[in-house]
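Visitor: I've got a model on my screen and a pile of terms I don't quite trust. Can you walk me through what they rest on?

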Amino acid sequence: MKLGKNEALMRWRLTCISTIFVPAVKPSDPARHYDDDRIGKEDLMIEAGRHCASRNRVCAAHRGGLRDFWIVARTFLRHPSMVGSSFPASRRMVSHMFQSVDWNAIDLMVEYGPGAGAFTATALARLRSDARLLAIDTSPDFTQHLERALCGDPRLIVATGSASDVEAILAEQGLNRVDCILSGLPFSTLSEAEARLIIDASARLLRPSGSFLAYQMRTGIRPYLEARFDKVSHDYEWWNLPPCHLYRACLGESGVRHGR
Ligand SMILES: C[S@@+](CC[C@H](N)C(=O)[O-])C[C@H]1O[C@@H](n2cnc3c(N)ncnc32)[C@H](O)[C@@H]1O
């Protein structure tokens with residue numbers, strides 16, 4: 001289902017109005033991408049900085065929360081149905097979504113639709129130094145921004161393309177089994193065929209112990225998850241513009257499911 005121009009415009013106005021009433025999201029906080037309940041922001045900046053040419057570059061890249069805001073808003077206005085929201089994810093939502101992740105157990109993580117990189121930067125700050133993160137986005141504006149902002153972290157692979165080609169993109173990198181997939185894709189505006197392709201490929205790629213995480217404004221993804229995964233849990237995050245449904249889907253012990 002595609003968003004009409006009026007609906008997209010209305011949604012954008014609503015999210016702008018909500019900003020005035022929901023001051024919890026602070027796009028100008030330079031360390032907002034490195035929020036963590038257990039570790040201080042400073043430690044996380046240093047941890048991320050280890051993989052960059054210099055710590056100053058990390059700080060410079062994240063000085064501009066406003067830059068993230070601008071790139072998301074601009075791309076949303078150009079492609080409302082592809083981007084789905086005119087605001088970057090809040091740090092509260094990033095923390096909430098990542099609550100259940102066992103970072104030490106991850107060798108390879110894949111992110112669909114990283115946008116301006118709110119989740120990507122936090123994931124890099126928490127992943128092991130020998131883990132990898134593949135981020136796939138259809139928009140070159142976002143992928144170029146990510147490459148600049150995350151200053152050549154050697155663990156990060158950024159690909160411009162569709163999540164439906166994830167298997168081919170991984171194969172090009174000589175990678176195949178994935179421990180965690182995070183999706184920011186607007187499933188309610190994807191075609192049914194594309195949504196199925198993406199969920200089917202994800203279920204094939206995940207290790208039996210792996211998990212598929214998704215944040216969504218609507219609940220359109222749920223039936224796809226329930227058709228392919230054994231366990232689907234749901235939560236909700238209010239402190240985001242707009243508030244989002246959070247899903248976590250897991251395969252059974254063997255990773256094999258009837259009909260797969
Ligand atoms: C809701 S936005 C993600 C926003 C991001 N979490 C942030 O905080 O900036 C959805 C993203 O999915 C991307 N996208 C849409 N369809 C896609 C597809 N088929 N494959 C990969 N990325 C896609 C859009 O370009 C956009 O960056």
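Visitor: What makes up the shell around the ligand, by class?

Guide: Nonpolar residues number 14, polar ones 9 and charged ones 1. Here Ala, Val, Leu, Ile, Met, Phe, Trp, Tyr, Cys and Pro count as nonpolar, Asp, Glu, Lys and Arg as charged, and the others, Gly among them, as polar. Before we go on: this is a predicted model, where local features need pLDDT of at least 70, side-chain atom pairs count only at pLDDT 80 or more, and totals for chains, interfaces and linings use all residues. Numbering starts from 1 along each chain as its sequence is written.

Visitor: Which residues are the closest to the ligand?

Guide: Ala89, Gly113, Gly115, Ala116 and Gly184, out of 24 that surround the ligand. A residue is near a molecule if its C-beta atom, placed from the backbone, lies within 6 Å of it. Helix 5 (80-83), helix 7 and strand 2 (132-137) each give two or more residues to that shell.

Visitor: How do you know what is a helix and what is a strand?

Guide: They're DSSP runs, numbered from the N terminus: H or I over at least four residues for a helix, E over at least two for a strand. On that basis the chain has 11 helices and 7 strands.

Visitor: Why is Ile157 called partly exposed?

Guide: Ile157 has 18 C-beta neighbours inside 10 Å, so it counts as partly exposed. The rule: buried takes 20 or more other C-beta atoms within 10 Å, exposed means 12 or fewer, and partly exposed is in between, with C-beta atoms placed from the backbone. Ile157 sits in strand 3. Apart from neighbours within four places in sequence, its contacts are Arg132, Leu134 and Gln173; a contact means C-beta atoms, placed from the backbone, within 7 Å.

Visitor: What makes helix 7 count as mostly covered?

Guide: Helix 7 (residues 118-126) has 9 of its 9 residues buried. Among them are Phe119, Leu124 and even Arg126. For the chain, 42% of the 260 residues count as buried.

Visitor: Which residues touch the most other members of the largest nonpolar core?

Guide: Met109, Leu124, Leu133, Ile181 and Leu213, in a core of 62 residues. A nonpolar core is a set of buried Ala, Val, Leu, Ile, Met, Phe, Trp, Tyr and Cys residues joined through C-beta atoms within 7 Å. Helix 7 supplies the largest share of this core, 6 residues. Leaving out residues up to four places away in sequence, Ile181 touches Val110, Ser202, Leu206, Phe212 and Leu213.

Visitor: How do you know that strand 2 and strand 3 pair?

Guide: Pairing needs at least two DSSP bridges between two strands. Strand 2 and strand 3 (residues 156-160) have 5 and run parallel, with Asp137 opposite Thr160. With helix 8 (residues 140-149) they make a right-handed β-α-β unit. Right-handed means that, with the strands pointing away from the viewer, the path from the first strand over the helix to the second runs clockwise.

Visitor: And how many bridges join strand 6 to strand 7?

Guide: There are 7, in the antiparallel sense, and Val232 has Ala249 as its bridge partner. The two strands form a hairpin with 6 residues between them. Pro242 is in that loop, and the peptide bond from Leu241 to Pro242 is cis, with omega near -10 degrees. As a rule, most peptide bonds are trans.

Methods:
Two residues are in contact if their C-beta atoms, placed from the backbone, lie within 7 Å.
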